[in-house]
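User: I should like to study a protein structure step by step, through questions and reasoned answers. Please show me the sequence and the structure before we begin.

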Amino acid sequence: MIVNYIHEPTDLQCGQAVLAMLLDTSPERICEYLKNDRETTLREMKQVLSDNGITLSPERKQAQTKADLPHCALLSLETPRCWHWSLYLDGVFYDPEHGVLDDFPVCDRKYYWELIVDNDREM
């Protein structure tokens with residue numbers, strides 16, 4: 001899978017930007033789909049992914065370093081400013097606020113769900 005980085009259109013649309021990167025669409029389309037242009041909930045994230053052939057591992061896990069992460073993961077990070085959604089794929093962090101990074105952005109707690117793709121979809 002190739003991810004095209006998308007910067008969050010507003011400070012409240014990190015979830016929409018992550019979903020847009022995963023689904024190769026725009027954050028605006030995700031906002032329309034969710035009927036939400038503000039913070040996204042875990043339930044909304046799961047629903048959009050599930051509707052598009054991607055599921056999350058059943059449980060949230062905590063990471064200390066990037067070595068703890070699976071091949072592809074949805075990240076929930078406690079940054080100095082807020083809780084924040086981000087994406088990890090093959091050693092690269094695609095963070096809607098901070099850009100494409102080699103390691104986690106500055107954050108205290110780091111949680112993740114492994115992304116599991118249906119057989120018909122390539123990731």
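User: Which residues are buried in helix H2 (residues 27-34)?

Analyst: The model examined here is a predicted one. A residue counts as buried when its relative accessible area is under 20%. In H2, the residues that are buried are Pro27, Ile30, Cys31 and Leu34.

User: Why do these buried residues lie on the same side of H2?

Analyst: As a general point, an α-helix has 3.6 residues a turn, so residues three or four places apart point the same way. In H2, the buried residues are Pro27, Ile30, Cys31 and Leu34. They are placed on the same side of H2 because they cover an arc around the axis of only 105°.

User: Which residues are exposed on the other side of H2?

Analyst: The buried side of H2 holds Pro27, Ile30, Cys31 and Leu34. A residue is called exposed when its relative accessible area is over 50%. On the other side of H2, the exposed residues are Arg29 and Glu32.

User: Against which helices do the buried residues of H2 pack?

Analyst: The residues concerned are Pro27, Ile30, Cys31 and Leu34, which are buried in H2. Their packing partners are helix H1 (14-23) and helix H3 (42-51).

User: How many of the residues of H1 are buried?

Analyst: The buried residues of H1 include Cys14, Val18 and Leu22. The helix is largely enclosed by the rest of the structure, because the count of buried residues in H1 is 10 of the 10.

User: Is Gln13, in the segment before H1, buried or exposed?

Analyst: Gln13 is found in the segment before H1. Leaving aside residues up to four places away in sequence, Gln13 touches Glu8, Cys31 and Asp37. Cys31 is one of the buried residues of H2. The relative accessible area of Gln13 is 8%, and the limit is under 20%, so Gln13 is buried.

User: What phi does Lys35 take, just after H2?

Analyst: Lys35 has its place in the loop between H2 and H3. Lys35 is exposed, with a relative accessible area of 75%. The phi of Lys35 is positive, in a residue other than glycine, and its value is about 55°.

User: Which residue with a positive phi follows H1?

Analyst: The phi of the residue that follows H1 is near 55°. This residue is Asp24.

User: Where is Asp90 found?

Analyst: Asp90 is not a glycine, although its phi is positive, at about 50°. With 53% relative accessibility, Asp90 counts as exposed. E4 and E5 form a hairpin with 2 residues between them, and Asp90 is in the turn. Asp90 is thus found in the loop between strand E4 (83-89) and strand E5 (92-95).

User: Which residue in E5 stands opposite Leu87?

Analyst: E4 and E5 run antiparallel and are joined by 3 bridges. Opposite Leu87, in E5, stands Tyr94.

User: Which residue in E6 is the bridge partner of Asp95?

Analyst: E5 and strand E6 (residues 99-101) run antiparallel, and 3 bridges join them. The hairpin between E5 and E6 passes through 3 residues. In E6, the bridge partner of Asp95 is Gly99.

User: Which residue in E7 is the bridge partner of Ser76?

Analyst: Strand E3 (residues 72-78) and E7 run antiparallel, with 5 bridges between them. Strand E2 (residues 61-62) also runs antiparallel to E7, joined by 2 bridges, and there Gln62 has Tyr111 as its bridge partner. For Ser76, the bridge partner in E7 is Tyr111.

User: Which residue in E7 is the bridge partner of Ile54?

Analyst: Strand E1 (residues 54-56) and strand E7 (residues 110-117) run antiparallel, and 3 bridges join them. In E7, the bridge partner of Ile54 is Val117.

User: Which element supplies the largest share of the lining of the largest pocket?

Analyst: Among the residues that line the largest pocket are Cys14, Gly15, Trp83, His84 and Trp85. H1 and E4 each supply at least two residues of this lining. The largest share, 3 residues, comes from E4.

User: How many residues of this lining are nonpolar, polar and charged?

Analyst: The lining includes Leu12, Thr40 and Arg81, which count as nonpolar, polar and charged respectively. The full division is 5 nonpolar, 4 polar and 3 charged.

User: What volume does the largest pocket have?

Analyst: In general, rolling a probe the size of a water molecule over the atoms shows where empty space is left. For the largest pocket, the computed volume is about 150 Å³.

Conventions:
Residues numbered from 1 in each chain as written. Predicted model: local features only at pLDDT ≥ 70, side-chain atom pairs only at ≥ 80, totals over all residues. Heavy atoms only, no water. Buried < 20%, exposed > 50% of the residue type's maximum accessible area, 1.4 Å probe, protein only. Helix = DSSP H or I, 4+ residues; strand = E, 2+ residues; numbered from the N terminus. Arc of directions from axis to C-beta. Contact = heavy atoms within 4.5 Å. 1 Å grid on protein atoms, 1.4 Å probe; cavity = no way out; pocket = protein on both sides within 12 Å on 5 of 7 lines; lining within 4 Å. Points joined across faces, edges and corners; volume = space filled by probe spheres on them. Pairing = 2+ DSSP bridges.
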